[in-house]
Amino acid sequence: MNLESEIKQVIALCDKNGNLNPSAIGWSRKPLHRCNLSKHYFRKKKWNYWCIYDKEWLISFTISDVDYAGLIFGYYLEFSTGKFAEFTKIVPFSSGITMGQQTDNNARYQSGGLSFDFQAKKHGQMLLASIPDIGGENLNASIDVEIPEDLESMNVVIPWSKRRFQFTSKQIGLAASGTVTIGTRSHTFNKADTFACLDFGRGVWPYNITWNWGVAVSRSDGDIVGANMGAKWTDNSGYTENSILAGGKTYKLPENVLFEYDRKDFMKPWKIRTEQSSAIDFEFTPFFDRHAKSNLVILASDVHQMIGKYTGEIKIGRKTVAIHDAIGWAEDHIARW
């Protein structure tokens, strides 16, 4: 296992030349990095990805800027019927996209009837989305996400080199409430049984990259317990994004997580576990494959985001917490960007 440095004060991600600030390398329990990306033309990547879900529905909205284009996308899945639809818009040169340097900044995109507006508020964010045509229907959503001041999260800089690096903030197990309306149907997310997740990314990336990412969150004896798990993209960097959330506290895992699955049949159960310890030991059983593939010459992506259920154990010190049928996801993603 690696001994990873913990950041405890606000710090700039980049130096005056746009390269990685050596003092910014590390992880923190709160998002303390100011992501002042500059230069490195066409290599900078920024995104705010939100996912909101309960036992019946999952919806997701993303505003992203890959330096030479913006990608605005959203999707939803109704578990009982398998009804799924996805919307994507490519914005040349990211025109009209507003994104901040920190997780509590606003993010917006508006064009005609399409509107994504992630509004920062005290101890949370208000997510407002309007999509005129998603699967032939219009979508409107208003989601209130709570981010308590004392809630910890996983924030880490992955230092591939001084010119290639990524800051990621993974905020899982957030309480959320609100309504999504699609056509004539509406679904209400209640705070008591809804989770939200923020994946906030800012960095300067290599052109080709592969990654796994998984999130499992559950309630256990009135407590929210979960795990953020990643692999491949952090290999040989000295840092991981792996962590456990319990009782509002984040426990950093300075070891790899292994994702074992069949790339010829992603619907088969996955085995996801920590490499050296028994901190995480899950079987993940997918019930839906969100397969999104694009090839736009210089920009290409192939993702299998599997929605499913986690069963297994999380260990925190000597305490073992059983997880059973927790809704979550695990993904296999290959990108050229």
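## Strands, hairpins and rings in an all-strand chain

Strand β9 (residues 107-111) and strand β10 (residues 114-121) run antiparallel and are joined by five bridges; two strands count as paired if DSSP finds at least two bridges between them. The strands themselves are DSSP runs of E with at least two residues, helices are runs of H or I with at least four, and both are numbered from the N terminus. This is a predicted model, where local features need pLDDT of at least 70 and side-chain atom pairs count only at pLDDT 80 or more, while totals for chains, interfaces and linings use all residues. Residues are numbered from 1 along each chain as its sequence is written, and side-chain values use heavy atoms, with hydrogens and water left out.

Back to the hairpins. Across from Tyr 109 you'll find Phe 116 in β10. The turn between β9 and β10 has two residues between the strands, and Gly 112 there has a positive phi near 60°. β10 also pairs on with strand β11 (residues 124-134), again antiparallel, through seven bridges. In that pairing, Asp 117 has Leu 128 of β11 as its bridge partner. This hairpin also has two residues between its strands, and here His 123 takes the positive phi near 60°.

What about positive phi elsewhere? Two loop residues are worth a look. Most residues other than glycine have a negative phi. The table sets the two out, with exposure by relative accessible area: buried is under 20%, exposed over 50%, and partly exposed in between (1.4 Å probe, protein chains only).

| Residue | Phi | Loop | Relative accessible area |
|---|---|---|---|
| Lys 39 | near 55° | between β3 (33-34) and β4 (44-53) | 40%, partly exposed |
| Asp 221 | about 55° | between β17 (208-220) and β18 (223-231) | 84%, exposed |

Now for the rings. How many aromatic pairs does a search of the whole structure find? The search turns up 26. Rings of Phe, Tyr and Trp (its six-membered ring) pair if their centres lie within 6.5 Å; planes under 30 degrees apart are stacked, over 60 edge-to-face, and the rest tilted. One of the pairs is Tyr 261 with Trp 270, which is stacked at 4.0 Å centre to centre with 10° between the planes. Tyr 261 and Trp 270 are both buried. Trp 270 also pairs with Phe 266, with 6.5 Å between the centres and 40° between the planes, so that pair is tilted. Phe 266 is buried, as is Trp 270.

Tryptophans also gather elsewhere: Trp 47, Trp 160, Trp 205, Trp 211, Trp 233 and Trp 337 make up one aromatic cluster. As for Trp 213, the charged end of Lys 170 sits over its ring, 5.0 Å from the centre (the cut-offs are NZ of Lys or CZ of Arg within 6 Å of the ring centre and within 35 degrees of the ring normal).

Finally, the chain as a whole. The protein chain has 25 strands and zero helices. Its radius of gyration is 19 Å, which agrees with the value near 20 Å for a compact globule of 337 residues; that radius is taken over C-alpha atoms, and the rule is 2.2 Å times the number of residues to the power 0.38. The C-alpha trace spans about 55 × 50 × 45 Å along its principal axes. Of the 337 residues, 57% are buried.
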